[in-house]
Each structure stands twice: as structure tokens, then as C-alpha cells.
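User: Hey, got a minute to walk me through a model? I'd like the fold first, then the pockets.

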Amino acid sequence: MTITIQLIRHGITKGNLEKRFIGCRTDEPLCSQGIEEIKKLTDAKIYNDSDLIFSSPLKRCIETAKLIFPDKEINIIENFKEIDFGLFENLNHKELNGNKSYQRWIDSNGTDDLPCGEKLKDFADRTMDAFEKMLKASNGKSVSAVAHGGTIMAIISALKGGNFYDYFCQNGHGYIFDYSAEDKKIFNLRKI
């Protein structure tokens, strides 16, 4: 069985504009710019329609899903939340400049554990468990999930291989691909 899957990063928030680490602890809504950009992207028809819509439980994702798919039921998947940035949560580079833990994390290319936060492996495992839950619920139907940049990077890197950060996507964008449930492989991966 092959399923078409679309993963969309939520629209822009105030924290995104301020280049803050906005993880699972900060539940902020879209800002007016984020709402307008999602409306423009929707009007430009960059998103595929899907049979089922899923979302992270955080406001920014639910709002984005409702803007893109206004007539569809939004199914919440708790573990599609963004990573827990720990001590870096809701701070930006300027505020963290000079912090030794932050400098170590930067020097590791973001692969070291986040102080008082979530380990990247634990986050990837949690996210893939959520992905499997979504697949099971889809019953072979096409799906779209509105989630976070980290969530999308974790899923694609787990399925396709490569560096986690290779799959970064801008707000309102993401990836669409076909997924073979038997082989647990993706093909026709393309950016949206």
C-alpha cells in the first residue's frame, strides 16, 4: 500500500520573527504576518488536498491547519509537538550569546543534548511513533500533517537518511512524498 503524505510547517509566529527557539513549551499563535502568508500560499494552491488532516496540538499548527483546510476535521497527534529546547526555550541567539552550554551546542552543530531539554534521539523516536500512529489512522488514505520544523526534519531524516538539518523548511512550506507501508520507504520526495 502506498500513501501520499504532505508535511507542512506551521505559519510564522512572533517568536519565529524574533528568531527564538520556540519549542513544545511555548504555545504561541500565528502572528498577523503568519496568517497572511498562509492565506497567500493557500490561494496560490501550493498545498495538495488530502483525505485526512493531522496536527500538532500547539496553537500555531492548529491555526495553520484550519487556514489551509477550513472544511476538514483536524485530528490532533500529541507527539507531533516540537522538540523541548530546555534552557534555550523562547530565547534567541543574542540572548544566549556568551552562554557556555549554548556555545557547546552550537559547536556540535546542534547534535549535543539540549540542557534541561529533550535529547535529539528521544525526540526522533517520539516523532516517529506519532508518524506511525498517523499512518495507522489513515487506513491507506492520503494525509496532511501540520507540524513543526523539527518534527518534519525528524520524520524525513528517519525515512530518507541524511543529516537532520538537511530537511529544514521555511514556515508554511514542507514536503510531499509517497510512502510505501510495506517497505517503510519514501519516494517522489519534493518540497512544497
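Analyst: Sure, here is a run through the fold, the pockets and a few loop residues.

Analyst: This is a predicted model, so local features need pLDDT of at least 70 and side-chain atom pairs count only at pLDDT 80 or more, while totals for chains, interfaces and linings use all residues. Residues are numbered from 1 along each chain as its sequence is written, and side-chain values use heavy atoms, with hydrogens and water left out.

User: How many helices and strands are in the protein?

Analyst: The protein has 7 helices and 6 strands, where helices (H or I, at least four residues) and strands (E, at least two) are DSSP runs, numbered from the N terminus. From the N terminus on, the order is β-α-α-β-α-β-α-α-α-β-α-β-β.

User: And what's the radius of gyration?

Analyst: The radius of gyration is 16 Å, close to the 16 Å that the globule rule gives for 192 residues, so the protein is as compact as a globular protein of that length. That radius is taken over C-alpha atoms, and the rule is 2.2 Å times the number of residues to the power 0.38. Along the principal axes, the C-alpha atoms fill a box of roughly 50 × 40 × 25 Å.

User: What share of the residues is buried?

Analyst: Buried residues make up 49% of the 192; buried means under 20% relative accessible area, exposed over 50%, partly exposed in between (1.4 Å probe, protein chains only). As for contacts (heavy atoms within 4.5 Å), among those between residues at least 6 apart in sequence, 69% join residues at least 24 apart.

User: OK, pockets. What's the volume of the largest pocket?

Analyst: About 680 Å³. On a 1 Å grid over the protein atoms alone, a pocket is an open set of points where a 1.4 Å probe fits, with protein on both sides within 12 Å along at least five of seven lines, and lining residues have an atom within 4 Å of a point. Grid points are joined across faces, edges and corners, and a volume is the space filled by probe spheres set on the points.

User: Which residues lie nearest its centre?

Analyst: Of the 27 lining residues of the largest pocket, Arg9, Arg20, Phe21, Phe85 and Phe168 lie nearest its centre. Helix H1 (14-17), helix H6 (120-138) and helix H7 (149-160) are the elements giving two or more residues to that lining, and H7 gives the most, with 3 residues. By class, the lining holds 14 nonpolar, 7 polar and 6 charged residues. Ala, Val, Leu, Ile, Met, Phe, Trp, Tyr, Cys and Pro count as nonpolar, Asp, Glu, Lys and Arg as charged, and the others, Gly among them, as polar.

User: And the second largest pocket, what lines that?

Analyst: The second largest pocket has a volume of about 160 Å³, and its lining includes Thr42, Lys45, Tyr47 and Asp71. That lining has 4 nonpolar, 2 polar and 4 charged residues.

User: Where is Lys45?

Analyst: Lys45 is in the loop between helix H2 (32-43) and strand S2 (52-55). Lys45 is exposed, at 70% relative accessible area, and has a positive phi of about 60° although it is not a glycine. Most residues other than glycine have a negative phi.

User: What about Asn109, buried or exposed?

Analyst: Asn109 counts as exposed, at 61% relative accessibility. Asn109 sits in the loop between helix H5 (100-107) and H6, with a positive phi of about 60°.
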